[in-house]
Each structure stands twice: as C-alpha cells, then as structure tokens.
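Subject: Structure handover and notes on the packing

Dear colleague,

I am passing on the structure we spoke about, and I would be grateful if you could look through it alongside the notes below. Please read the notes with the coordinates open, since they refer to individual residues throughout.

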Amino acid sequence: MSKFGIFNIVTMEKQFESLTIFEFQAKFPDERSCLSYLSEFKWRDGYVCPKCGNTKYCGGEKEFSRQCTKCRYISSPTSGTLFHKVKFPLLKAFYIVYYVSTNRKGISSTELSRKLGLRQKTCWLFKQKVMRGMRSKGQFKISGKVEVDETAVGGQEEGVKGRKNNKKRLVVFAIERKGKGVSRVYGKVISRSSSKELGSFMRDTIEPDAQIKADEWAGYTPLKKDFTNLNQVPSGKKGENFPDLHRVIMGFKGWLRGMHHQVDHLQGYIDEYCYRFNRSNMKDGIFDNLLLRMVRSQPLPYKLYCLNA
C-alpha cells in the first residue's frame, strides 16, 4: 500500500474513533436525550421564528418545542430539518447518523436494518437524508494545486467502451494537493463531458486563481478564460501524470463496488465519499458535524426517493 493510502487510513480511523459506541449509548439513552440535543443544535445561534422572523418565544405544548410570541407558530426540534416527520423512533435515527458517520467505510442499509430492527427500505430512505446532509455547501472552494479529471462509473456494456457506455455514469472529480498527499476532494455526476458541465462543476468547487492541471480533453480548453492557471497535459499511460487523482478515483470505485454495488443515486454516494474523505483531517467530531448539517438542511420528503427506490 502507498504512503498516501496508509496516511489516510490512519487519520480516518483516529477521527472515527472520536465517539465510541459506549459513549454514544451513554449520551443518547432515550428519545428525550435526542430531542434535547437537537434542540441545542437547532437554536445554538438563537431562536428565529420560521414564519415571521420574530426572535422571542415561549415554551410550546411539548417539551423542547418553542412557540413564537408574535404569530404563535410552534417549532419542534425536528421541524424544518432532515429529521422532519421521521417515521420511526428518533433514537434509531440518531443511531443511523452515528453508524454512517463513524464507520470508516460507511455502512449499507441492509446492515443498518439488521442492527436496528427496521425495514431495509426504511433504513435506505433515511440514509438518503443523511447523505444529503453530507453534501457540500460550496462555501470552501479548493485552491492551490488542483487536479481535475472525469471518469465513467458503473458496469461494463458489451462491445462499448468509454463515454459511449450507456450503463455507466460520467463523473468529474477534483482534488486539492498539499505536500505529498491530497487534502480535499469533490465530485459530481455529469451527463456529458462538455465545457458547459465541466465548467459549472469547476466554478462551484475551485477558486479561479488555482493552479489547475487537467488532461488534453477538448472540454477543458474553453475554461482557460475562467481559470487562467489551467494547464492541460497528456494523461499518460494509465493516468501516470495524475497519480494522486487516479488513486482517489480508484478508491471511490472500489468503495462503491464493495459497499453499494450499483450506480443509482450516484451523487449521494459521491457526497458521502467526499465528505468522509474531507473530514478525515479535521479535529472536531464527525458525528456532531453531520448532525449539525442535518439540522441546518431543509426537509427532504421521502416521496422524492420512493419513485426511484
């Protein structure tokens, strides 16, 4: 295994051990403890009524809920978050967030079902919400030395190669290099490797003054007007001119095959992989960070996924 691989496994294992299962069980023994924790997270920066914007409140009918003193609207700790109208015990929802965030390679909905005594589809649907919380907000773009490349992900179609393979999905990845390793990675599913779609991804994730290295694919050439430090070089045999980027891509493909076995809902899996990779070098708890992201995200109706489940 390369030094790059050893480094990331070690740092990720240290990060994911930040909250053991025994500490988690002691911290969240029941539904009330979960509601209390969500309440603290939701209003940690102060209360603002989602209806009228008023900042004053009194207690609602239920514990931990808050009622606006102006319009009388009642907010619960779960309302307006990715925990909104959860259909099973909140404590089990917390366990799903814990297992997804702290398992180094992630966890399948089948395994969640076995551990928590829930239907596999129920676990799958809620895990989609967890992965939505993992999605990058685009607030911190990568900079410095950056590499970009697109790749096909999915099963092989007989007699067809590369971008013409209808059973594969096209994905573009970008990495930020620091020292001898990779500090951050972002990825996005694209329908075609045109300058329009590649440019949209790069403008959302990369600082315009970054030192970008891309291959000689024609789709990158028009983007030099937006990224003045974009340099196109030959990919080389088996991507030898982009070793770190291709290692990240191969790592993602291996993880996807081993954990999820398919490319449906691929963007969610890319978000999970990138979030897990990017959080591996940060010191604050990954569980708390993900929980806060879910609290600050808008509700995601199950019906958006049921049609494709």
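What follows goes from the overall chain to the helix packing, then to the nonpolar cores and a few single residues.

Please keep in mind from the start that this is a predicted model, and that the values below were computed from it. The protein chain contains 11 helices and 8 strands, and of its 309 residues 49% are buried. If one takes the contacts in the chain with a separation of 6 or more, 61% of them are between residues 24 or more positions apart.

Helix packing

Two packed helices are described by the angle between their axes and the distance between the axes, and I have set out three pairs in those terms.

For helix α3 (residues 31-42) and helix α4 (residues 90-102), the axes cross at roughly 65 degrees and come within 8 Å, and the crossing is left-handed. On the α3 side the contact is made by Glu31, Cys34, Leu35, Tyr37 and Leu38, which meet Leu90, Leu91 and Phe94 in α4. Sorted by class, the residues of this contact are 7 nonpolar, no polar and 1 charged.

Helix α4 also packs on helix α6 (residues 120-134), where the two axes come within 10 Å and cross at roughly 60 degrees, an angle that makes α4 oblique to α6. The crossing of α4 and α6 is right-handed. Here Ala93, Ile96, Val97 and Val100 from α4 are in contact with Cys123, Phe126, Lys127, Val130 and Met134 from α6, and the class count for this contact is 8 nonpolar, no polar and 1 charged.

The third pair is helix α5 (residues 109-116) with α6, whose axes lie 8 Å apart at an angle of about 120 degrees, and these two helices are therefore oblique to each other. The crossing of α5 and α6 is right-handed. In this contact Ser109, Thr110, Leu112 and Ser113 of α5 meet Gln120, Cys123 and Trp124 of α6, and the residues involved divide into 3 nonpolar, 4 polar and no charged.

Nonpolar cores

The largest nonpolar core has 37 residues, and the members that touch the most others in it are Phe83, Phe94, Ile96, Val97, Phe126, Phe287 and Leu291. Two or more residues each come from α3, α4, α5, α6 and α10 (286-295), with α4 giving the most, at 10 residues. Val97 may be a useful place to begin a closer look: once its neighbours within four places in sequence are left aside, Val97 is in contact with Phe83, Phe126, Val130, Phe287, Leu290, Leu291 and Met294. There is also a second, separate core of 26 residues, which includes Val182, Val189, Phe252 and Leu256.

Single residues

Leu292, which lies in helix α10, has a relative accessible area of 15% and is therefore buried, the cut-off for that class being under 20%. Not counting residues up to four places away in sequence, Leu292 touches Phe41 and Arg44. The C-alpha atoms of Leu292 and Thr81 are 9.7 Å apart in space, although 211 residues separate the two in sequence.

Ser36, in helix α3, has a relative accessibility of 21% and so counts as partly exposed. Between Ser36 and Phe64 the C-alpha to C-alpha distance is 6.5 Å, with the two 28 residues apart in sequence.

Lastly, there are two backbone angles that you may wish to inspect for yourself. Most residues other than glycine have a negative phi, yet Phe64, which is not a glycine, has a positive phi of about 80 degrees. Phe64 is placed in the loop between β1 (57-59) and β2 (66-68). Lys85, again not a glycine, has a positive phi of about 55 degrees and lies in the loop between β3 (74-75) and α4. With a relative accessible area of 60%, Lys85 is exposed.

With best wishes

Methods: Residues are numbered from 1 along each chain as its sequence is written. This is a predicted model: local features need pLDDT of at least 70, side-chain atom pairs count only at pLDDT 80 or more; totals for chains, interfaces and linings use all residues. Side-chain values use heavy atoms; hydrogens and water are left out. Axes are lines fitted to C-alpha atoms, for helices over the stretch in contact, and angles run from 0 to 180 degrees between N-to-C directions. Helices (H or I, at least four residues) and strands (E, at least two) are DSSP runs, numbered from the N terminus. Angles under 35 degrees count as roughly parallel, over 145 as roughly antiparallel, 65 to 115 as roughly perpendicular and the rest as oblique. A crossing is left-handed if the near helix is turned anticlockwise from the far one by less than a right angle, and right-handed if clockwise. Contact means heavy atoms within 4.5 Å. Ala, Val, Leu, Ile, Met, Phe, Trp, Tyr, Cys and Pro count as nonpolar, Asp, Glu, Lys and Arg as charged, and the others, Gly among them, as polar. A nonpolar core is a set of buried Ala, Val, Leu, Ile, Met, Phe, Trp, Tyr and Cys residues joined through side-chain atoms within 4.5 Å. Buried means under 20% relative accessible area, exposed over 50%, partly exposed in between (1.4 Å probe, protein chains only).
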